[in-house]
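Here are a few short exercises to work through with the model open. Try each one yourself before reading the solution.

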Amino acid sequence: MMKEEQILEKRLLELSRLAYNRDIITYSDFLNLNELNILHSIPKNTLCAGYVLFGGYDLAERQMAAFLPDALSLRGELDIRSFFSREICVLRISPLYEKFAEELSHRDYLGAMLNLGIDRSKTGDILIDGKNAFVFVNFKMKDFLIDELTRIRHTTVMTAEVEFQDFRYEPRYETINGTVASVRLDSLLALAFASSRSRLLGLIEGAKVFVNGKLVTSNGYQVKEQDIISVRGMGKFKFCGTGNITRKNRICVSILKYI
C-alpha cells in the first residue's frame with residue numbers, strides 16, 4: 001500500500017475510534033472513488049463505528065463519510081441528509097451578466113476554486129446546469145468562496161448559498177440498448193462508451209473502474225442489475241437489466257448512461 005493510502009486508512013480508523021469513544025458523529029473530507037474504495041476495503045472488524053456516505057445528492061461521486069456512534073448505528077431507517085446538513089453546503093455559481101458569459105466547463109469551475117488555494121478534499125461534485133453550476137463544499141469553505149469566487153476565466157460570477165435541505169438534483173441520462181455475449185464488466189463498458197476492448201482492458205487493469213464505489217480489476221466481473229459502474233475520466237452508468245436472447249445467442253441489455 002502506498003504511503004498516501006496508509007495515511008488515509010489510519011485517518012479513517014481514527015475517525016471511527018473517535019465516534020465510538022466520544023459518542024459523537026465524526027466526518028471525513030470529501031473522498032474520491034479511490035479513497036472510497038480504501039474505506040470499503042477496511043475490514044469491518046477493525047472499524048469501531050459504522051458509517052454512512054453522502055455527497056449532497058443521490059449518485060454523488062465524491063462523498064463524505066460520517067462515522068456514527070452506536071446509538072445511531074443501531075437505529076432502523078436513517079435520515080442521511082440530516083447527518084450532513086452542518087458539514088456540506090451547496091453553492092450556486094452564476095454569471096453576473098449572462099449575456100456575456102462564456103461556456104464554462106467542469107475544469108474551469110474546479111480550476112477557479114483550486115486557484116484560490118482550496119484543497120480538492122474540501123470540495124465535492126460540480127454539477128453544471130446551463131450557465132450555472134452547483135458545487136458541494138465543506139461548510140467551513142462557504143463564506144470564503146462566496147466572498148472570493150468572483151471570476152472564472154473571463155466571466156464575472158456571483159456565488160451564493162442554496163438551501164441544502166431543499167436541494168434536489170435529477171441527473172440527466174440517455175438510455176442505451178444493445179446486445180452482449182455475456183453480462184461481463186468489459187462487455188457493458190464497450191456498450192456504454194463505444195470503445196475498443198484493448199482500451200477498456202487498460203482502464204480496468206489501471207484501477208479506474210468502480211462498481212458501486214468499489215474498485216474492480218477483473219474484466220470478467222459479472223455485473224448485477226442496478227449496479228452503478230463508474231470510470232474515472234469517462235463517466236458512469238447504471239445497468240438496468242437483461243431482456244431476450246437473440247437468435248445468435250446474444251443477450252439484450254439496457255443501461256442508463258449519465259450525461
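**Exercise 1.** Work out whether Asp-23 is buried or exposed, then place it in the fold.

*Solution.* Start with the accessibility: in this predicted model, Asp-23 has a relative accessibility of 52%. The cut-off for exposed is over 50%, so Asp-23 counts as exposed. Next, find its place: Asp-23 sits in the loop between α1 (3-22) and β1 (26-27). Finally, check the backbone: phi of Asp-23 is positive, about 60°, even though this residue is not a glycine.

**Exercise 2.** Do the same for Asn-212: which loop holds it, and what is its phi?

*Solution.* First the loop: Asn-212 falls between β10 (209-211) and β11 (214-215). Then the torsion: its phi is near 55°, again a positive value in a residue other than glycine. Last, the exposure: relative accessibility is 42%. Partly exposed runs between the 20% and 50% limits, so that's the label Asn-212 gets.

**Exercise 3.** Now turn to Asp-108: say where it lies, whether it is buried or exposed, and what its side chain reaches.

*Solution.* Begin with the element: Asp-108 belongs to helix α5 (residues 106-115). Its relative accessibility is 16%, and buried means under 20%, so Asp-108 counts as buried. Now follow the side chain: it gets to the backbone nitrogen of Ser-105 at 2.9 Å. To finish, set aside neighbours within four places in sequence, and you'll find Asp-108 in contact with Glu-103, Ile-152 and Arg-153.

Terms used
Residues numbered from 1 in each chain as written. Predicted model: local features only at pLDDT ≥ 70, side-chain atom pairs only at ≥ 80, totals over all residues. Heavy atoms only, no water. Helix = DSSP H or I, 4+ residues; strand = E, 2+ residues; numbered from the N terminus. Buried < 20%, exposed > 50% of the residue type's maximum accessible area, 1.4 Å probe, protein only. Polar contact = N/O pair within 3.5 Å; in protein donor to acceptor, adjacent residues only side chain to side chain. Contact = heavy atoms within 4.5 Å.
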